[in-house]
Amino acid sequence: ILGGMETREFDVVIVGGGLVGASLACLLVPQGRSVALVDAGSGPVPLTADPRKLALAAASLDTLAALGVLSRLPVPPTPIRRLHVSREGDFGQLRCEAAELGREAFGGVVLAGELGAALEQALTALPGLVRVRGRAEADGVDGGGRRLRVLPEGRPAETWQARLVVAADGSASPLRGAAGIEVARHDYGQTLIVTSARLSAAPEGTAFERFTDHGPCALLPMAGGRHGALCGVATAETSAVLALDDAGYSAYFQRRFGWRAGRVLEVGARSAWPLHRVVAARLVAERLVLVGNAAQTLHPIGAQGFNLGLRDALTLAGLLRGAADPGADALLAAYAEARREDREATLALSDGLARATAGTSPLHRLGRSLGFAALNLDAGLRARFLTGAMGYRPGVPRAAEVLA
C-alpha cells in the first residue's frame, strides 16, 4: 500500500498504445508475463484513423505475420517489387528489383489506420492483457519497481508498480522527460503532405522516391491501382498548398514529382505532418526503456520510422524472454547495446539522405550521382544496402524466436 491507495503490480507496463507499443504488447503477453498497456491515444489522430501510407520492410511484414496481425488487414499489403530513386537536376538514379535478391518484394504498403485496426483486434484477443485508456505519470522508483500514477478515463487515479516501464509514448514522451533523458532536436523546416493519387502510367509494384530542391516526393503502390503520394513542402508554404483544390494540388504534385509515372489524374483527401528529428541521448534509465518515437523520431525518407521501432520491440522482447527480472540493470544495458548499431546506422541513413539530397551545389550533385552509379554497378554493395533496407539487421531476433 502506497499513500493509502492499493498498488497494482505488473512485470511490464507499456505506456503508449501506438503501432510500436501495441506490437510490443503482442510480443510480450504470449511470454506469460503480467503486462499492462496504458493508451492515451496515438497522437494527432486515433490509431485506427491514421491516414498515412506505411512502407513496411520485409522483416516487419514477417513480424506482423507471426503476430497474426497481417491476416486481420482488410486488404493485404501491396508488394513493393521495384525501387526507383532519383534527384531533380542530377544525372544519376537508382533502379532496383527485388528479384535481384531472389525475393518477390522488398516489403509492402499498408494504410496506417488499417494496420492500427488490425493491431487493435490483436490486442483485444490477448488473454490477460490489462488495458487502460488514460494517462500515466512517473511517480519515482521504489526498489524493485518503478511507480506510476495512472489516470484512467472516467475513473479515479490508481498507483501502479512495474518491474519495467516501457516508454512508447511518442516524440514528446513525458516519461522520457521525467526520467531526465535529454534529446537532440532538429526541425527540417518542412511539412509532409500525404494523400492518395491515381496516375496514368504508374508501373505496378514500383515505389518512387524523387528528391527536389524543394523537398522529397514519393509514390508508394497501393491496392486498386492507386498510389500513396507524399510531398515535402516548406513550412512557410504549407497553408497555401493545403488550400489548393484537387485540380490545383494535382498540378502542384505533377510539377514537383515529374512525369515518370504519367499524368496525375486524381488526388484524395490530404493530411499534413511536420517533419522533425528527435533523438534521445540514451535509451534506458532505472527500470525504464524507450522504444519507437520516444527513442527516435526520424525523417520519413527511406520509410524507416515504424520499421526501426518494431525492431526496438523485437529486440526488447527477445531479451525479456525467460529473464528473471525484466527491469534488471544488466538487461537494460544489454538492450541499449543491442540497439546501438542498427539505431545509429538507420539514424545516419535517414538524416544523411535528408541533408545530402537537399544540397544544390555542383559538388553535391556530382557526389549523389556517383553514389547512385556505385550502387548500380556494384551488385554486392547494392545487395547489402537493400538487405538492410528490408529490415534484416544483425542482432535483431525473428518474431518466431521471441514467441517460441
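Eleven helices and 19 strands make up the secondary structure of the protein chain, as seen in this predicted model. Of its 404 residues, 52% count as buried. Contacts between residues far apart in sequence are well represented: among contacts with a separation of 6 or more, 74% join residues that lie 24 or more positions apart.

A good place to start looking inside is the largest nonpolar core, which has 71 residues. Within this core, the residues that touch the most other members are Val 13, Ile 14, Leu 115, Trp 160, Val 166 and Leu 316. Helix H1, spanning residues 19–28, is the element that gives the most to the core, contributing eight residues. Leu 316 offers a handy view of how the chain comes together here. With neighbours within four places in sequence left aside, Leu 316 is in contact with Leu 24, Leu 164, Val 166, Val 289, Val 291 and Tyr 335. One of these partners, Val 166, is itself listed with Leu 316 among the residues touching the most other core members. There is also a second core, separate from the one just described and made up of 24 residues, including Ala 58, Ala 218, Leu 220 and Met 222.

Attention now turns to strand S16. This strand covers residues 271–280, and because seven of its ten residues are buried, the rest of the structure largely encloses it. Strand S16 pairs with strand S11 (residues 183–199) in an antiparallel arrangement, through ten bridges. Within this pairing, Pro 274 of S16 stands opposite Thr 191. Strand S16 also runs antiparallel to strand S19 (residues 296–297), to which two bridges join it. Here Val 279 has Gln 296 of S19 as its bridge partner. For readers following the strand residue by residue, it helps to recall that side chains in a regular strand alternate between the two faces of the sheet.

Finally, the surface openings deserve a look. The second largest pocket has a volume of about 270 Å³. It is lined by 13 residues, of which Asp 342, Ala 345, Gly 388, Arg 393 and Pro 394 are the closest to the pocket centre. Two elements give two or more residues to this lining, namely helix H8 (329–356) and helix H10 (379–389). In terms of residue class, the lining is a mixture of seven nonpolar, two polar and four charged residues. Asp 342 and Arg 393, both among the residues closest to the centre, are counted in the charged class.

Key. Residues numbered from 1 in each chain as written. Predicted model: local features only at pLDDT ≥ 70, side-chain atom pairs only at ≥ 80, totals over all residues. Heavy atoms only, no water. 1 Å grid on protein atoms, 1.4 Å probe; cavity = no way out; pocket = protein on both sides within 12 Å on 5 of 7 lines; lining within 4 Å. Points joined across faces, edges and corners; volume = space filled by probe spheres on them. Helix = DSSP H or I, 4+ residues; strand = E, 2+ residues; numbered from the N terminus. Core = buried A, V, L, I, M, F, W, Y, C linked by side-chain atoms within 4.5 Å. Buried < 20%, exposed > 50% of the residue type's maximum accessible area, 1.4 Å probe, protein only. Contact = heavy atoms within 4.5 Å. Pairing = 2+ DSSP bridges.
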